Amino acid sequence: MKRLAALALALAACGTFEDPAIVIDLRILATTAQPPEQLIPIDPNNPPDPSTLTLAPVELCSLIAEPGIDRPLEWQMIACPPSNDGRCQDGDPTVIVGGGMIEDPETAPVPQMACGRLEGGAPTLLVLKNTIENDPLAGFDHVDIQVSIRVQPSGVPADQAIWGTKAVRYGAQVPAERTPNQNPTLTRIDADVGETGASVPLTLGRCADQATPLTVAPGTRIKLLPVEPPSAREDYLVPTFSGGVRMLHENLSYQWLAGAGSYTRGSSGGPKDGVGNEPELDSTFVAPTSDVVGAGLDVPLWVVQRDERLGLAWYESCVRVAP
Amino acid sequence: MVGTAHADDGARRDTPPQPAKAPVMTKAPVLVQAVAPEYPKAALAAGKTADVAVKIHVDADGVVTAVDVVTPVGDGFDEAAQAAAMQYVFDPAEYDGVPGPIVVETTIHFVLDKVVETVPVEPPQPAPDDAPGHVGDARLPVTIRGQIRELSTRRHLGGVIVSIAELGMDVITDDDGNFAFHGVLPGTYKLLVVAERYERVEKPIVLAKDDALDLVVRLRPLNGNPYETVVEGEREVLEVTRRKLTRDQLTSVPGTFGDPIRAIQALPGIARSPFGLGVIIVRGSNPDDTGIFIDGHRVPGIFHFLGGPSIINPEFLDSIELYPGGFPARFGRQHGGVVAIETRASKSDGVHGSLAIDILNAAGYVRAPITKRVSVAVAGRRSYLDGVLALLLPKPKAGAQRVVVPVYYDGQARVDVDLGKEGKLSVLGLISSDALKVVNSNPDEQASLKLNAAIDFFRVIGKYTRPLAGDLTLTLSPAFGRDSVAFSGSQAQAAGPYSQLAVTQNTLSYRMRVAGRLGKHTYLDSGIDYESRVTNYDVLAAIGDDFRNSFGADLPTEQLNRGVSQTALGLHGDVAIDLGKLRLVPGLRVDGYVLSGQTRASIDPRLVAKLALSSMWTGKAYAGVFHQPPQPEAFDQRFGNPAIGIERGLHGGIGAEWQPDRMWHMDVEAYVVRRQNLVAFTNDVVVNEDGTATPVNFRNSGDGWTYGFEGMIRRELSERAYGWLTYTFSRSKRRLNNEMGYALNAFDQTHIINAVASYKLGRGWELGARFRLATGLPETQPSGATFDADSGGYLGVDPGFRTARAPYFTQTDVRAEKSWLFDTWSMGVYLDIQNVFARDNVEAIEYDYRFRKSAPVTSVPFLPTLGIRGQW
């Protein structure tokens with residue numbers, strides 16, 4: 001009943017919002033953690049004090065975009081216990097992961113990434129301990145600590161900063177044959193220009209790094225299909241509450257982003273939907289129209305690949321739209 | 001001896017005050033409704049008679065506002081005359097063509113007729129002169145007889161005064177509307193027929209020598225509305241606040257499409273239900289906290305889906321009672337409020353029925369006598385939203401398929417058996433169904449879907465009532481019913497469902513009630529309330545409840561069957577004790593529960609007090625304990641918590657009622673509700689010593705406060721107008737556990753104003769309007785957002801949970817109806833326009849993907865409904 005009512009309400013809604021797949025201003029598009037998950041050998045019947053554990057460092061990198069404005073950006077990453085809004089709360093233990101400044105992401109001579117390192121020392125262990133203590137499942141299987149990311153154009157007021165968050169997972173090596181998650185990978189992205197059925201591999205790299213990117217006319221439809229390596233989708237074990245284990249198979253999902261134009265679907269992949277439809281992996285990019293393109297426009301494309309276990313990878317490409 | 005009394009017709013009227021250039025009375029007042037006074041018992045026993053001269057103050061609406069006794073005569077005659085005259089209704093006097101007040105002077109006569117033993121006379125056989133409906137010398141034959149019926153409905157009207165003015169003979173029709181005059185001599189007379197709420201009839205009659213007249217007189221309801229009122233006897237008052245609506249009063253409330261049950265949403269203490277939900281929110285509580293009872297037995301809901309009409313045909317309704325708090329002990333297992341619906345007996349003097357059609361649905365109703373003691377009524381309704389949508393939706397492309405079928409229907413049947421001295425027996429059957437079917441497939445796309453959703457229930461309710469010793473009445477009422485909620489989803493081309501949920505609940509209940517007066521100052525209402533519910537869940541779904549973080553994992557679907565049972569046995573008793581001007585009603589309810597094998601118990605003491613402060617003012621107060629078992633899923637062994645306990649509510653309130661005359665009523669009340677042990681969902685698990693974990697799922701960790709004030713000024717239904725104005729101030733807060741702060745309830749609305757007015761213009765026209773104002777629903781309004789790299793979405797940053805509100809809601813509905821009365825049937829056509837000013841009311845606020853921009857989600861701006869209904 002309530003779903004039906006919600007449907008009716010949705011039909012009555014009259015808002016027109018920006019397309020989330022089209023990046024028109026400063027945004028964090030993705031953040032990777034390497035490794036995304038660490039498994040710690042422990043005896044579940046006699047769990048150790050978290051502050052005595054040894055953790056490996058984690059490299060975190062954010063993909064940041066700001067089309068249209070050429071300016072440097074300041075960034076900072078701080079790790080802390082998880083919160084509902086993805087930001088570190090006053091009074092919680094924190095660890096500085098990194099900070100600094102990057103050049104304009106689109107025009108800088110080399111690709112720009114905001115990267116920091118979460119060390120495995122005592123401050124991180126304190127965050128982990130606090131997280132376990134406040135975990136409603138008392139640390140069962142794993143806990144996530146969050147890395148809060150703040151980005152703002154250099155020289156603008158702090159209230160113009162944008163925020164992001166990325167979780168880093170620490171689990172118990174239970175059962176012993178369990179392996180930690182790896183970030184997903186991709187063989188290539190096939191591009192079918194005009195949806196003719198003939199595909200070519202999409203050249204990866206920023207617009208600034210491609211002398212002759214894929215060139216299409218305004219309004220051209222380009223079907224984009226991610227091609228995964230055979231090992232991209234991992235099998236993994238999870239402990240059950242009743243003391244057993246369950247074997248699961250990873251899903252990979254794709255988020256499609258661009259600097260202009262539109263996509264037929266903003267995300268693809270993932271699990272089956274509620275009625276059993278197998279998810280489509282592809283999405284079709286529709287190049288911007290002539291009035292947007294003008295004399296010609298290089299449109300950045302981004303694809304963010306995710307599994308359901310915090311694994312993440314991103315790919316960047318470019319389409320030149322010329323009348 | 002029998003006592004009769006009547007007022008002089010054509011009494012002297014006072015002239016109005018004569019100021020300078022005084023207006024000229026262009027029309028004298030006309031008495032259109034006279035009520036016979038009650039003969040004082042002591043005076044009747046003593047054989048006393050009296051003539052009481054009274055001055056009757058009549059206002060510009062023809063309503064009597066005061067009655068003065070000119071010369072008191074004592075022996076209770078003065079009070080009886082005043083009480084009767086207060087119920088007179090006049091067609092008001094007019095001055096220069098404008099209605100105005102006047103004082104009318106008349107005399108009410110109390111006379112005694114001697115009882116004469118009947119002497120059989122052949123032929124015809126006269127009835128005893130004290131037989132109902134007979135008047136005159138019983139030894140003489142009946143020379144004028146007849147029957148009074150209501151125009152269009154043919155309903156036989158008892159209690160109607162029939163008189164032959166020239167002879168001074170009055171008679172009151174019997175229950176079947178019959179009257180008979182004995183020994184009237186041949187001649188020309190004027191027959192006068194007067195009945196409350198009907199137009200007066202003056203009919204010339206000519207009685208020839210050796211002749212007898214047999215008449216049928218049809219009375220036209222005042223202002224021609226065939227859906228008028230049935231006068232109801234008041235029952236004993238055991239509660240502080242009970243707001244009662246009757247079917248006949250409220251088929252014309254604007255914005256309700258003629259559905260009386262919808263009218264309760266305009267009563268004080270009822271918060272506005274968001275568009276399309278159709279729930280009843282009593283004093284800010286959750287909808288589940290309010291029980292809905294039909295003939296004393298619980299039903300799962302009262303409205304069809306998407307805020308559709310109620311599940312009972314209006315013709316089947318006898319009364320709707322809303323208890324916003326402090327309700328009697330016979331209602332239990334709820335700590336919010338109670339809506340009690342009583343269905344109407346099918347007893348009928350002939351075949352009667354109705355048919356109603358509007359743009360959403362069609363409904364029919366028939367009742368008929370089967371034998372002298374057995375009668376039956378049936379009703380049904382079906383929507384044709386499916387047909388309307390088929391016309392409105394664009395056709396799918398070639399090869400594609402799209403089906404959207406929302407449909408609802410309901411039906412009711414009732415059989416009544418009059419067992420005479422052995423009591424009355426009835427069986428009621430109810431069925432309600434709401435279904436939605438969606439099929440969407442397109443050969444150009446690989447994804448397709450087929451959804452089926454249905455909500456159904458039925459009830460069979462038996463009821464046997466018989467008198468016990470003294471004034472006590474015994475009622476035995478068993479009932480059985482089944483509720484089902486079903487959902488399935490699949491690909492359009494799939495043979496079977498991919499996901500499925502079917503919940504069925506079988507309920508067996510039994511109520512025994514003994515109620516009645518124990519003595520002059522004591523009234524008892526007690527009984528047994530048994531209810532057994534077995535709930536079964538059949539689920540086909542991807543279930544990942546046995547490990548952490550199943551979100552996003554590709555889990556295979558699995559079939560799951562679960563069942564929970566709840567058995568409750570309650571004993572309840574209220575005793576009303578009259579101590580002079582004070583009525584105290586102590587009550588106690590004790591319930592024992594078995595929830596899936598776990599026993600629970602609750603004890604609910606309650607106390608109500610009402611004090612008559614003056615002839616117009618009554619003070620009232622109450623306090624009590626109310627318990628409510630959790631929903632079935634909360635004590636399921638796997639998905640719930642078998643150790644879950646009973647929720648508790650403590651109600652308290654104080655208020656006053658003011659009734660200056662029979663037309664006006666004011667009711668104010670301040671209340672507080674403390675809720676404890678509320679069932680709250682939790683993600684917590686208990687980690688066992690062996691390293692395994694047990695999810696807790698639910699805890700009795702929640703609590704809340706509700707407090708407020710509500711008031712109502714109501715003008716009762718009269719020949720021309722009715723209406724009410726209500727104001728509610730309410731604040732309702734809850735929290736999931738004591739580590740959290742209190743947050744506003746989802747439906748909390750601080751200020752709620754409802755105004756309803758309806759006026760009958762005459763010639764069958766009636767116009768009405770309803771105005772509603774309510775504080776906007778609580779909102780959690782993000783002040784920022786954080787990009788979540790692991791989902792690709794954004795998390796809202798909010799300054800506090802439900803600390804903002806949607807804008808105020810206001811809506812004005814209007815309704816116009818025209819009725820036509822014919823000899824044996826009637827017809828009405830109405831236009832009901834919801835939100836006549838097309839105001840964009842905000843039901844919710846939606847945000848863009850990063851919570852920077854917002855847009856209101858508005859309800860339907862303007863909804864006209866044209867309907868037609870016939871009744872015979």
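Which residue in β6(A) is the bridge partner of A:L60? Select A:L60 and you'll find the partner is A:G116. Before going further, a word on what you have open: this is a predicted model, in which local features need pLDDT of at least 70 and side-chain atom pairs count only at pLDDT 80 or more, while totals for chains, interfaces and linings use all residues. Residues are numbered from 1 along each chain as its sequence is written, and chains are lettered from A and ligands numbered from 1 in the order in which they are written.

**Stop 1: β6 of chain A**

Stay with A:L60 and show strand β3 (residues 58-65) of chain A, which pairs with β6(A) in the antiparallel sense over 5 bridges. Strands here are DSSP runs (E, at least two residues) and helices are too (H or I, at least four), numbered from the N terminus; two strands pair if DSSP finds at least two bridges between them. Now colour β6(A) by face: A:A114, A:G116 and A:L118 are on the covered one, A:C115 and A:R117 on the uncovered one. In a regular strand, side chains alternate between the two faces of the sheet.

**Stop 2: helix α2 of chain A**

Next select residues 122-133 of chain A, helix α2. Its 12 residues should span 16 Å at 1.5 Å a residue, and the end C-alpha atoms are indeed 16 Å apart. (The expected span is 1.5 Å times one less than the number of residues.) Show side chains for A:T124, A:L125, A:V127, A:L128 and A:T131, the buried residues of this helix. They are on the same side of α2(A), because they cover an arc of only 155° around the axis. That arc is taken from the directions from the helix axis to the C-beta atoms. "Buried" means 20 or more other C-beta atoms within 10 Å of the residue's own, "exposed" means 12 or fewer, and "partly exposed" is in between, with C-beta atoms placed from the backbone.

What covers those buried residues? The cover includes β4 (73-80), β5 (95-102), β6 (114-118), β7 (142-153) and β8 of chain A. Turn to the face away from the buried side and you meet the exposed A:A122 and A:E133.

**Stop 3: β12 of chain A**

Jump to residues 221-227 of chain A, strand β12, with A:I222, A:L224 and A:P226 on the covered face and A:R221, A:K223, A:L225 and A:V227 on the uncovered one. Strand β9 (residues 188-193) of chain A joins β12(A) by 6 bridges, running antiparallel; there, A:V193 stands opposite A:I222. β12(A) also pairs with strand β18 (residues 283-286) of chain A, antiparallel over 4 bridges, and A:R221 stands opposite A:V286.

**Stop 4: across to chain B**

Where do the two chains meet? The contact takes 57 residues from chain A and 52 residues from chain B, counting two residues as in contact if their C-beta atoms, placed from the backbone, lie within 7 Å. On chain B's side, β39(B) gives the most, with 4 residues. That side divides into 25 nonpolar, 16 polar and 11 charged residues. (Ala, Val, Leu, Ile, Met, Phe, Trp, Tyr, Cys and Pro count as nonpolar, Asp, Glu, Lys and Arg as charged, and the others, Gly among them, as polar.)

For a spot to zoom in on, select strand β8 (residues 162-172) of chain A and β46(B), which pair in the parallel sense over 2 bridges. A:G164 has B:F787 as its bridge partner.

**Stop 5: inside chain B**

Chain B comes to 3 helices and 53 strands, and buried residues make up 41% of its 872 residues. Helix α2 (residues 77-85) of chain B has B:F77, B:D78, B:A80, B:A81, B:A84 and B:A85 buried; they cover an arc of only 165° around the axis, which puts them on the same side of α2(B).

Now display the open antiparallel sheet of 4 strands, in the order β13-β12-β15-β16. Its edge strands, β13 (169-172) and β16 (201-207), each pair on one side only. Between β12 (residues 161-164) and β15 (residues 187-194) there are 4 bridges, with B:I161 standing opposite B:V194.

Last, select B:Y384, in the loop between β27 (374-383) and α3 (385-392) of chain B. B:Y384 is partly exposed because 14 other C-beta atoms are within 10 Å. B:L360 is 24 residues away from B:Y384 in sequence, but 6.0 Å away in space, C-alpha to C-alpha.
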